[in-house]
Amino acid sequence: MLTNAVRVVSVNNLIEVRNLVKHFEVSGGLFSRNKRIIKAVDGIDFEIKAGESLGLVGQSGCGKTTTARSLCLLDPKTSGDVNFYNSESQKMESIDEIDDEGLRQFRRNMQMIFQDPYESLNPRWTLKDIIKEPLDIHNIGDLKDREEAVIEILKTVGLTPPQNYLSRYPHEISGGQRQRVSIARTLIMKPKFVICDEPTSMLDVSIRISIMDLMLNLAKELNVSYLYITHDLAVARYMCNRIAVMFNGKIVEIAESEELLQNPIHPYTKRLISSIPIPDPNYKRERYEVNYDELDKIISNNPDKKMIDIGNGHFVASHDTKGFFIET
Amino acid sequence: MDNLKNEKEIAKSLRRKAISKNWKLFKQSRLGMVGLIIVFFFFILSILQPILFLTGIWDQGTYNPVVGYVDQTQDFLVVECPKEFPTEKYEKRTDCPGRNEVNIKTLFYSDGEVGETIQLNLQPAPPSRDHILGTDSLGRDVFSQIMEGSQVAFLLGILSATLGVGISTLLGTIAAFFGGRVDAYLMRQSDLVLMLPTLPLLFIISAFAELKIWHLAVVLGTIGGLGGSVITIKSQALQVKVKPFVDSARITGGSNMKILFSHVLPNVAPLALLFMVFSVTGAIASESVLSFLGLLNIEMSWGLMIYLAQVEGYIFSGLKFWWLILPAGLSVTFLTGGFYLVGRGLDEVFNPRLRKR
Amino acid sequence: MSNILEVKNLTMHYETLDGDVDAVKDITFNVKAGESFGIVGESGCGKTSVAMCLLQLQAENGKISNGSILFDGQELVGMSENDLRKVRWDGISIVFQGAMNAWNPVVKVGEQIREAMREHNPKSTKSQNTEKINELFNMVGLDSSASERFPHELSGGMKQRAIIALALSCDPKLIIADEPTTALDVVIQDQILTEIKNVQELLGLSLIYISHDIAVIAEMTDKIAVMYAGSIVEIGPTEEVFKSPKHSYTRSLLDSTPSIMGEKKKLRSLEGEPPSLINKIDGCSFSPRCPSPSNECKNQSIEMGLIKVGIDHYADKCCSGCISE
């Protein structure tokens with residue numbers, strides 16, 4: 001049974017990322033005037049349709065989180081375009097060109113769920129204040145409306161009865177409950193687009209699935225799109241319609257989840273897939289070996305960022321492969 | 001409405017639980033408890049005095065710490081001490097005048113001939129039933145002075161600590177939050193204040209202006225607030241600033257001011273409170289030093305009591321006039337120590353890594 | 001094969017401000033020489049406490065109230081600190097979660113390992129030790145030049161490999177790996193797991209692998225124990241337990257693990273949260289979360305204990321009847 005195939009994925013793009021670049025300058029040492037540039041995100045393209053979830057998968061340090069932070073305007077991007085669908089004017093607008101009102105609109109529709117449930121809630125605030133903070137910031141409704149909205153959303157995320165949670169502090173509830181509060185806080189504004197930065201990786205196995213199911217159900221109900229960041233392909237497969245594989249700041253392969261797992265083409269994707277442990281003692285995994293240094297050299301020697309379409313919405317980076325994989 | 005009432009009740013019980021848990025943690029620290037008992041003792045002392053006056057148990061004329069006076073007299077035999085020792089009556093120079101005797105050469109204010117018996121004031125008088133810590137050389141009750149002194153210590157300590165920590169919390173958080181030039185300026189400023197030697201600076205200030213107790217509180221608070229604690233509070237604020245909950249407020253579009261006041265400041269507050277308790281100690285000690293040097297325009301304080309004992313020479317007579325020196329000296333020591341120990345206890349509540357279990 | 005470790009009725013609690021926490025309740029298991037034994041469970045189920053008890057390194061407020069730990073014929077509970085020091089590292093060594101962050105930042109990695117070797121084997125010379133370190137580094141897939149580097153010059157995965165080399169440096173008979181890959185990403189995890197498996201096979205060591213990740217456990221171990229709320233609820237050969245789990249908690253764990261293999265299936269989530277161990281639990285600790293509790297399970301006076309359900313396969317009395325598929 002496929003869980004999220006039933007979700008309605010519209011034809012319209014909700015967000016388009018075009019050639020997004022984020023470089024960090026690092027000074028070369030105490031006496032050196034040279035500055036080294038770290039290319040954390042080096043020209044990536046993807047788009048997410050309304051109601052769709054895209055998984056962004058890669059090892060730590062590959063630029064997943066930097067992408068997310070640039071997208072939600074936490075850190076300014078170096079260059080590139082991010083276009084967002086404005087539901088009022090009904091067209092795509094670049095976030096560099098919109099006015100203040102457009103920016104407000106954008107922020108209302110964009111939220112982020114963080115990895116660490118222990119750090120992502122202000123320890124000095126009650127859960128009620130935490131959850132209704134977005135409403136306070138955007139001045140939506142009067143106090144009574146906001147309180148009702150909080151109670152409503154607490155029920156939605158399965159923290160019942162809500163009265164038991166309103167005046168608690170984050171340290172008084174468990175990790176799974178905290179992540180539910182994070183989700184409640186995120187969804188209270190009914191955003192269109194939510195970035196999830198490994199929201200379940202610090203939770204226990206038995207709780208993990210209930211949080212993932214909750215997110216899937218809410219996505220269906222509220223028609224939310226996710227950009228789901230994780231290093232675990234098994235989780236990405238469960239959560240996402242499509243998966244993008246990132247390596248050293250670039251997207252090397254992007255396809256429908258099942259297509260990517262059944263038919264991986266890029267050597268890095270193959271390596272990633274072959275390193276996922278299988279919960280079956282009889283299954284013998286074969287590791288697919290890749291020389292990262294060589295791969296990195298090949299990629300950086302080929303600045304061409306074109307992706308090759310191999311059908312079924314499956315795209316692979318087109319750098320020269322020297323026997324690695326397909327030629328066009 | 002029922003829900004709302006229910007919610008309030010839950011909130012109340014949760015708050016009570018949190019307080020009792022923190023109290024339990026604090027109680028675990030034995031030093032902290034000792035400190036709290038000491039501070040509490042002095043607090044009782046300081047509020048006891050006005051109560052005693054208001055209820056009329058103590059009469060202002062006798063027990064007022066500044067202008068109170070009580071006539072305590074005793075009969076003395078006037079003698080003339082010989083030039084050479086030993087004589088029949090006295091063996092050494094220190095034996096003259098003996099008990100209930102007075103040397104005629106030290107009789108400046110009253111008349112009398114050798115061999116006569118005259119009535120003289122007995123000041124400073126040792127502890128007695130009426131004056132449990134005796135009186136000073138002007139006939140004022142020492143116990144009442146100690147009580148007055150503890151009022152001064154509390155007022156000064158808490159006033160200057162609050163002011164100082166207020167300043168340093170505000171500046172430290174602003175420096176951390178905005179960074180760049182604001183940060184650089186504030187840090188250089190605090191380096192500068194740290195470089196200034198506090199006591200000599202206070203001498204100079206007191207030379208130009210008459211320092212009253214709240215003047216001193218403001219000066220001490222400002223110097224403390226601009227100095228080293230800014231740096232510590234800044235480093236704490238820097239840690240809070242990068243927490244995901246701050247990011248998530250930013251993503252939603254929260255303004256800098258809102259994030260500063262509702263996210264960063266509350267999370268710096270426990271550290272600030274700790275600083276406050278510790279800086280009370282410094283303020284009380286500075287006050288004692290300044291009034292001991294006679295640089296404060298102040299009616300009564302523990303430092304002043306020791307100052308008076310010193311200028312009148314009682315401090316050099318060993319422990320013969322102990323009630324003029326020890327009560328005031330021990331009060332300063334114990335109250336500053338008490339506040340320090342309370343700080344240590346609070347540290348254990350706020351710093352989970354110091355907890356034993 | 002003989003048992004290298006025999007744990008019998010081990011019971012341990014922590015004394016805390018809020019009362020006693022029963023972290024380990026009446027645990028019995030054996031590990032054979034050369035075998036790899038897995039302990040799986042959620043955080044707070046007591047699996048790390050078990051590991052600490054095996055080394056007698058439990059926190060100051062952790063008190064063993066009952067039971068025995070026989071390692072190689074020696075009783076560890078109540079052993080003097082001096083004798084214990086010989087058993088640790090020489091007999092049993094441990095790789096902690098996040099141990100890679102425990103390197104002293106100002107001493108070269110190789111020197112730190114040499115120090116441990118000197119402590120435990122004062123007779124060996126420096127060149128002997130260095131030779132052995134190089135050998136160990138090659139074994140765990142590190143270049144031998146890495147031993148002359150400072151910890152900050154190595155990546156997280158390399159540091160964790162060096163920790164494994166350190167754990168092997170005194171020729172232990174048993175290695176305890178307590179979530180050694182939790183802070184690492186999948187590719188590094190895969191490499192570390194492979195190294196541990198290789199080393200174990202090469203040296204014929206026994207391994208106790210502790211994890212919350214049932215997929216990792218499936219790959220790494222011959223025999224597993226599933227822990228819940230301080231007790232072992234199911235224990236048996238890994239294949240057997242995965243093929244026919246008898247306890248409904250084991251079943252739930254298997255059902256809630258996503259996989260990239262096979263058909264994408266709806267995972268079954270487990271309702272509720274693990275119980276707090278501070279409150280004494282009467283009867284079956286899992287019954288409040290059990291998807292299909294029988295009336296018997298809810299009975300608070302039901303007696304708990306493992307019963308035999310297959311060859312070398314035991315499950316908790318209460319839940320072993322719940323699943324009848």
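In this predicted model, T173(B) is a convenient place to start: the residue sits in helix α4 of chain B, which spans residues 142-178. With a relative accessibility of 1%, T173(B) falls under the 20% limit and therefore counts as buried. Leaving aside residues up to four places away in sequence, T173(B) touches I233(B), A237(B), L260(B), V264(B) and L265(B).

Chain B also offers a helix pair to look at. Two packed helices are described by the angle between their axes and the distance between the axes. Helix α7 (residues 213-226) and helix α10 (residues 256-292) of chain B pack at about 130°, and their axes lie 11 Å apart. This angle makes α7(B) oblique to α10(B), and the crossing of the two is right-handed. On the α7(B) side the contact is made by I213(B), L216(B) and L220(B), while α10(B) contributes A283(B), S286(B), E287(B) and L290(B). By character, the residues of this contact comprise five nonpolar, one polar and one charged.

A second pair is found in chain A, where the axes of helix α3 (residues 127-138) and helix α4 (residues 143-156) come within 10 Å and cross at roughly 125°. The helices α3(A) and α4(A) are therefore oblique to each other, and α3(A) passes α4(A) in a right-handed crossing. From α3(A), the residues K128(A), I131(A), K132(A), L135(A) and D136(A) meet L143(A), R146(A), E147(A), A149(A), V150(A), I153(A) and L154(A) of α4(A). Here the division is seven nonpolar, no polar and five charged. Helix α3(A) is mostly covered, with ten of its twelve residues buried; among them are K128(A), I131(A), K132(A) and L135(A), which also take part in the contact with α4(A).

Turning to nonpolar cores, the largest holds 93 residues, of which L5(C), F29(C) and I208(C) touch the most other members. Helix α5 of chain C (residues 156-168) supplies the largest share of this core, seven residues. Apart from it lies another core, of 41 residues, which includes V150(A), L166(A), I188(A) and M239(A). V150(A) is also one of the α4(A) residues met by α3(A). Within chain C, the contacts of L5(C), not counting residues up to four places away in sequence, are F29(C), N30(C), V31(C), L54(C), I69(C), L70(C), F71(C), L174(C) and I208(C).

The loop between α4 (126-139) and α5 of chain C contains S155(C), which counts as partly exposed at 39% relative accessibility. S155(C) and M100(C) are 55 residues apart in sequence, and their C-alpha atoms are 9.5 Å apart in space.

Finally, some backbone geometry deserves a look. Most residues other than glycine have a negative phi, and most peptide bonds are trans. Just after α3(A), N139(A) takes a positive phi of about 55°. In chain C, Q56(C) has a positive phi of about 55° although it is not a glycine; this residue belongs to the loop between α1 (47-54) and β4 (62-71) and is buried, with a relative accessible area of 15%. D171(C), likewise not a glycine, has a positive phi of about 50° and lies in the loop between α5 and β7 (174-178) of chain C. At 52% relative accessibility, D171(C) counts as exposed. In chain A, a cis peptide bond joins T160(A) and P161(A), with omega at about -10°, and P161(A) is located in the loop between α4 and α5 (163-166).

Terms used: Residues are numbered from 1 along each chain as its sequence is written. Chains are lettered from A and ligands numbered from 1 in the order in which they are written. This is a predicted model: local features need pLDDT of at least 70, side-chain atom pairs count only at pLDDT 80 or more; totals for chains, interfaces and linings use all residues. Side-chain values use heavy atoms; hydrogens and water are left out. A nonpolar core is a set of buried Ala, Val, Leu, Ile, Met, Phe, Trp, Tyr and Cys residues joined through side-chain atoms within 4.5 Å. Buried means under 20% relative accessible area, exposed over 50%, partly exposed in between (1.4 Å probe, protein chains only). Helices (H or I, at least four residues) and strands (E, at least two) are DSSP runs, numbered from the N terminus. Contact means heavy atoms within 4.5 Å. Axes are lines fitted to C-alpha atoms, for helices over the stretch in contact, and angles run from 0 to 180 degrees between N-to-C directions. Angles under 35 degrees count as roughly parallel, over 145 as roughly antiparallel, 65 to 115 as roughly perpendicular and the rest as oblique. A crossing is left-handed if the near helix is turned anticlockwise from the far one by less than a right angle, and right-handed if clockwise. Ala, Val, Leu, Ile, Met, Phe, Trp, Tyr, Cys and Pro count as nonpolar, Asp, Glu, Lys and Arg as charged, and the others, Gly among them, as polar.
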